[in-house]
Each structure stands twice: as C-alpha cells, then as structure tokens.
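Let's take a walk through this model, helix pair by helix pair, with a stop at a pocket along the way. Have the viewer open as you read.

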Amino acid sequence: MRTGWSNSCAVPLASGVMSDPDPDTWLAAALVEQTGLLADLVAAADPETPVPTCPEWTVRKLLTHVGRGHRWAATIVRTRSVGPVDPHTVADGKPPTGPDAAGWLRDGAQALLTAVAQTGADTPVWTFTGPRPAGWWVRRRLHETTAHRADATLALGAAYRLSAELGADGVSEWLDLLSVPWRGEGGIPPLDEGTTLHLHATDDGLGPAGEWLVRPAGGMIDWAHGHGKATVAVRGVAVDLFLAMLRRLPASDPRLQVLGDAAVFDRWLTRTPF
C-alpha cells in the first residue's frame, strides 16, 4: 500500500487479534503483533532471498522498507509535520545486519505508538491524503505491515493466515485510500460512471463490516458498508478479498466468486495498483 514514498508491492496475514471496544487500542495491539510476526519471519531468513511480489526486492529491502516506514511515520507525528518528510532523512533508517534486524523492526512500530501517545492521537499532521489525526498513521502502518508480511511469507514459502477482522479492516482502509485524490493528476477513476462494485466477505461473525458497496464519485469512489445490487459482486473470505484487492490473488482464483460483469472488476484491479 502506498506510504507516500516509493513502493511497488503487496498482500495480508496471520492473526489472533480479537476486536477491542476501543479501536485505537485494537489497532495499536495489531500493529505490534503484525510487526512482530514479520520480524520473526525474516529473522531466520536469508536477507538476500528475492521477493517475487515486489520485483527487484530482497527480504532485507522489504524489512528496511517496513522498519523505515514506521520511523518515517513516527517522525511525522512526533514533529507534528505539516508537510512531507523525506524518508531517507529519518534517523536510524537502516537495519543492522544479523539477528538484531528483527529487534530494529519491532522498535519501529513502538516508536510510532510512542509518538502518537506523546503528540496526541487527534492532533492533525501531514499524510499523503491530506491533514489527518496522528492516530491515522497507526492504521496505515498496520495494513502496510500486514501486506508486506504476506510478501515475505510468499517469498519464503511459509504458512500465511489473517484474521477475518484484520482482513476486513484492510479492505476498508484500502477503499478509504481510494476515496481521496492522493494519486496525483492523470489517474483513471477505478469505476466508470454507471457501474458499481459489491464486496461480500463470507466469514462468520463480521456482520455489516464484511460487506462493501462501492460507487463512482466525481472521478474517485464513495463506499459504505452494506448489501446491495451491483454491476459486479465479489465474494470470498475477508483475507482473500484483501489479497484480491491488492492484486495478490487473481480474480480468476477459485477462492473468489465473481458475479455479474467481471470486466468491471478487472478494470478496477488494473486501475488500482498497489
């Protein structure tokens, strides 16, 4: 997912995180958990292992990208930045070699949570989607991490799982990103006028949080949770919907059920690169 700096890949994860009545607490716990799972995964890996879903990346580059990204977001929050920060100027932006790299990665997540706590989650700061509350960065970095842990998992041939709750929230967060004009000029709208997209997670227990109805809106999109007739509907468990939306699971995969005009979903995927 986009972080406001160079990124060319993606996917989701394993989780036992259960929903907390306080979303800030749940998101913070999930960020720590998912960063730790990625750290455990790469700690035993050859850092030069290629990452196929991120062309020209290695495991070490992926680790650097995530850990530096956490510190980049922490710097933005800590300094209450009103403009972009060059990620290459972030302190401690390169991981150490050897086993200490895993700890470096975990420390990045904690640095962000500490910065948010000290600055205040509601304090407005710069984001690539416009000014947002500082706490926005926790959710953004969570789903960046879940995506790249999936990349590492695929590269290393490890088992990969993601809770329905995190998968569903990842879909919602991605739709949120597509609902604001952050891609710059010349972008093609994900949906043509007169078409709609319905996503339906088939996991038990998600309720309304597991359905999304997406419509075009002035060159961008608008979406809401709920059920409704659409030009195309895509059904599957939340993790598979998340993977598909990030183009890490082909629309033709049997784990997905595509109903209606499949070309609309194909165009959506072509126009929303991760």
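Start where two helices meet: from α1, the residues L31, T35, L38 and V42 touch V59, L62, L63, V66 and H70 of α2. Sort those contact residues by class and you get seven nonpolar, two polar and no charged. Keep in mind as you look around that this is a predicted model.

Now for the geometry of that pair. Helix α1 covers residues 23-43 and helix α2 covers residues 59-78; their axes come within 11 Å and cross at roughly 155°. Since angles over 145 degrees count as roughly antiparallel, α1 is therefore roughly antiparallel to α2. As for handedness, α1 and α2 make a left-handed crossing.

Stay in this area and bring in the second largest pocket, which holds about 190 Å³ of space. Its lining is made up of V42, A43, A45, P47, V59, R60, L63, T97, G98, P99, A101 and A102. You've met some of these already: V42 of α1, along with V59 and L63 of α2, belongs to the helix contact, and these three residues turn up in the pocket lining too. Which helices supply at least two residues each to the lining? They are α1, α2 and α3, the last of these being 100-119. The biggest share comes from α2, with three residues. By class, the lining of the second largest pocket counts nine nonpolar, two polar and one charged residues.

From the pocket, follow α3 to its meeting with helix α4, residues 136-156. The axes of α3 and α4 come within 10 Å and cross at roughly 165°, which means that α3 is roughly antiparallel to α4. This crossing is left-handed. On the α3 side you'll find L112, L113 and V116, and they meet W137, V138 and R141 in α4. That gives the contact of α3 with α4 five nonpolar, no polar and one charged residues.

What about the way α5 and α6 run, roughly parallel or roughly antiparallel? Take helix α5 at residues 164-178 and helix α6 at residues 238-245: the axes come within 7 Å and cross at roughly 30°. Angles under 35 degrees count as roughly parallel, so α5 is roughly parallel to α6. The crossing of α5 past α6 is left-handed. To see the contact itself, pick out A164, G167, A168, G170, V171, W174 and L175 on α5, facing A238, L241, F242 and M245 on α6. Those residues split into nine nonpolar, two polar and no charged.

Technical notes:
Residues are numbered from 1 along each chain as its sequence is written. This is a predicted model: local features need pLDDT of at least 70, side-chain atom pairs count only at pLDDT 80 or more; totals for chains, interfaces and linings use all residues. Side-chain values use heavy atoms; hydrogens and water are left out. Axes are lines fitted to C-alpha atoms, for helices over the stretch in contact, and angles run from 0 to 180 degrees between N-to-C directions. Helices (H or I, at least four residues) and strands (E, at least two) are DSSP runs, numbered from the N terminus. Angles under 35 degrees count as roughly parallel, over 145 as roughly antiparallel, 65 to 115 as roughly perpendicular and the rest as oblique. A crossing is left-handed if the near helix is turned anticlockwise from the far one by less than a right angle, and right-handed if clockwise. Contact means heavy atoms within 4.5 Å. Ala, Val, Leu, Ile, Met, Phe, Trp, Tyr, Cys and Pro count as nonpolar, Asp, Glu, Lys and Arg as charged, and the others, Gly among them, as polar. On a 1 Å grid over the protein atoms alone, a cavity is a set of points where a 1.4 Å probe fits but cannot get out, and a pocket is an open set with protein on both sides within 12 Å along at least five of seven lines; lining residues have an atom within 4 Å of a point. Grid points are joined across faces, edges and corners, and a volume is the space filled by probe spheres set on the points.
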